[in-house]
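Student: I have a structure on screen and want to learn to read its strands. Can we go through some features together?
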Amino acid sequence: ATVAEYRKIHLFDVDVPGGATLLESKSTTPGKAEAVVVDARDQLGFTFGLTTCYDVRFPELYVALARRGCDAILVPSAFTVPTGEAH
């Protein structure tokens, strides 16, 4: 069963000099700007926040998660080598 849903807020558009051009905005609609907290205390003993990839560049999202009482934050990501070095 789905207990929470997070849709990526910050889309990643970049043209890496001498490399790839990545334009998430051409194929993805951004989600709502809200902090999603999953209460898994009964199952796992803690709460966790959901973000993804490029969101890591936007600290206000993590501040909001902390204010909502997150114990941990999940940030699945898939960066290329040049973009990963920048994060």
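**Reading strands and their neighbours**

Tutor: Start with Ile73. This is a predicted model. Ile73 has 35% relative accessibility, so Ile73 counts as partly exposed. The partly exposed class lies between under 20%, which is buried, and over 50%, which is exposed.

Student: Which strand holds Ile73?

Tutor: Ile73 lies in strand β5. Side chains in a regular strand alternate between the two faces of the sheet.

Student: Which residues form a nonpolar patch on the surface with Ile73?

Tutor: Val56 and Val75 join Ile73 in that patch. Together the three have about 200 Å² of accessible area.

Student: Now pairing. How many bridges join β4 to strand β5?

Tutor: Three, and the two strands run parallel. Strand β5 covers residues 72–74. For one position, look at Phe48, which stands opposite Ala72 in β5. Next, follow the chain. From β4 it crosses through helix α1 (residues 59–67) to β5. This β-α-β crossover is right-handed.

Student: What about strand β3 and β4: parallel or antiparallel?

Tutor: Antiparallel, with five bridges between them. Strand β3 covers residues 36–40. Asp39 has Thr47 of β4 as its bridge partner. The hairpin of β3 and β4 has five residues between the strands. There, Gly45 takes a positive phi near 90°.

Student: Why is strand β4 described as largely enclosed by the rest of the structure?

Tutor: Count the buried residues. Strand β4 spans residues 46–50, and four of its five residues are buried, so the strand is largely enclosed by the rest of the structure.

Conventions: Residues numbered from 1 in each chain as written. Predicted model: local features only at pLDDT ≥ 70, side-chain atom pairs only at ≥ 80, totals over all residues. Heavy atoms only, no water. Buried < 20%, exposed > 50% of the residue type's maximum accessible area, 1.4 Å probe, protein only. Pairing = 2+ DSSP bridges. Right-handed = clockwise from strand over helix to strand, strands pointing away. Patch = residues over 30% accessible without salt bridge, like charges linked within 9 Å, V, L, I, M, F, W, Y side chains within 5 Å. Areas by Shrake-Rupley, 256 points an atom, 1.4 Å probe, with all protein chains shown as cover. Salt bridge = Lys/Arg side-chain N within 4 Å of Asp/Glu carboxyl O.
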